[in-house]
Amino acid sequence: MPAKADIQAASGHCMDPSPRWGDETGRARPRAIDSLSPLLHGAGGRKDPREGRGRLCMCFPDTYSIGMSHHGLQVLYSTINADPQWACERAFTPWVDCEALLRQEKLPLYGLETFTPLREFDVVGFSLQYEVGYTNVLTMLDLGGIPHFS
């Protein structure tokens, strides 16, 4: 796993090294997150992953803008985070430029709330809306360091 400084240096336009929220994780965070924080943590809110018995990452196999406008994803996120046993995060398929950067620098795809790589979650789930997104599931698994046959 690359060190935080390596991730920050390599990520350039996708990541923001300045500390704001998320400092407790020691992970870098995308620049756009700060301005979108109210949307990211809406109803159900952000939870400390140490609070629950399990950590779940809900993956939407499309871009952030498509996934965040999906009402079903918001409902599931809020419902799961309302349960004290679970801490839920979200991940989306990155745009091709960010995907290329993640691959080039060997950086993992991560959950938005704590920047935890997908492979470190207890449960990783996908919301499949239509067949066109199926290949993005494979992309997200690959970027997240999860073998396709696990």
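Let's start with two helices: helix 5 and helix 6 pack at an angle of about 35°, and their axes are 11 Å apart. Keep in mind that this is a predicted model, with a mean pLDDT of 77 for the chain. From that helix pair we can work our way to the sheet, the cores and a few odd spots in a loop.

**The helix pair**

- The crossing of helix 5 and helix 6 is left-handed.
- On the helix 5 side, the contact is made by Glu99, Leu102 and Arg103. Helix 6 brings Thr139, Asp142 and Leu143 to it.
- Which residues of helix 6 are buried? They are Val137, Thr139, Met140, Leu141 and Leu143.
- Helix 5 is part of what covers those buried residues, and the cover also includes strand 1, strand 2 and strand 3.
- Just after helix 6 comes Gly145, which takes a positive phi of about 75°.

**The sheet**

- Three strands make an open sheet in the order 2-1-3, and their pairing is parallel.
- Strand 2 (86-92) and strand 3 (123-126) stand at the edges with a single partner strand each, so one side of each has no neighbour in the sheet.
- Neighbouring strands are turned by 25° against each other on average, direction ignored.
- As background, strands of a sheet pair through backbone hydrogen bonds, either parallel or antiparallel.
- Strand 1 (residues 54-60) pairs with strand 2 over seven bridges. Following strand 1 along, Gly54 has Trp86 as its bridge partner in strand 2, and Met58 has Arg90.
- Helix 4 (residues 71-82) packs on the sheet and touches strand 1 and strand 2. The direction of helix 4 makes about 155° with that of strand 2.
- Helix 6 (residues 134-143) packs on the sheet too, touching strand 1, strand 2 and strand 3. Its direction makes about 160° with that of strand 3.
- Strand 1 is joined to strand 3 by four bridges, and these two strands run parallel. Here the bridge partner of Leu56 is Val123 in strand 3.

**Strand 1, from the inside**

- Why is strand 1 described as largely enclosed by the rest of the structure? Seven of its seven residues are buried, so the rest of the structure largely encloses it.
- Gly54, Leu56, Met58 and Phe60 point one way from strand 1, while Arg55, Cys57 and Cys59 point the other way. Both sets are buried.

**The nonpolar cores**

- The largest nonpolar core has 14 residues. Those touching the most other members are Cys57, Cys59, Ala91, Leu102, Leu109, Leu118 and Met140.
- Strand 1, helix 5 and helix 6 are the elements that give two or more residues to this core. Helix 6 gives the most, with four residues.
- Cys57 has plenty of company from farther along the chain: leaving out residues up to four places away in sequence, its contacts include Glu89, Ala91, Leu118, Phe121 and Val123.
- Apart from the largest core lies another one, of nine residues, including Leu56, Met68, Leu73 and Phe92.

**The loop between helix 5 and strand 3**

- Most residues other than glycine have a negative phi. That makes the next two residues worth a look.
- Lys106 has a positive phi of about 55° although it is not a glycine. You'll find Lys106 in the loop between helix 5 and strand 3.
- Phe115, in that loop as well, has a positive phi of about 60° and is not a glycine either.
- Which of the two is exposed, and which is buried? Lys106 is exposed, with a relative accessible area of 68%, whereas Phe115 is buried, at 3%.
- Leu107 also has its place in this loop. At 6% relative accessibility, Leu107 counts as buried, because the cut-off for buried is under 20%.
- Leu107 and Gly144 are 37 residues apart along the chain, and their C-alpha atoms are separated by 8.6 Å.

**How far to trust the model**

- In this chain, 67% of the residues reach a pLDDT of 70 or more.
- Over residues 3-13 the pLDDT is below 50, and this stretch has 17 contacts in the model beyond near neighbours in sequence.
- Residues 15-24 also have pLDDT below 50, with 28 contacts beyond near neighbours in sequence.
- Where pLDDT is low, the predicted coordinates should not be read in detail.

Notes: Residues numbered from 1 in each chain as written. Predicted model: local features only at pLDDT ≥ 70, side-chain atom pairs only at ≥ 80, totals over all residues. Heavy atoms only, no water. Pairing = 2+ DSSP bridges. Axes fitted to C-alpha atoms, helices over the stretch in contact; angles between N-to-C directions. Contact = heavy atoms within 4.5 Å. Core = buried A, V, L, I, M, F, W, Y, C linked by side-chain atoms within 4.5 Å. Buried < 20%, exposed > 50% of the residue type's maximum accessible area, 1.4 Å probe, protein only. pLDDT = per-residue confidence, 0-100. Left-handed = near helix turned anticlockwise from the far one by under 90°.
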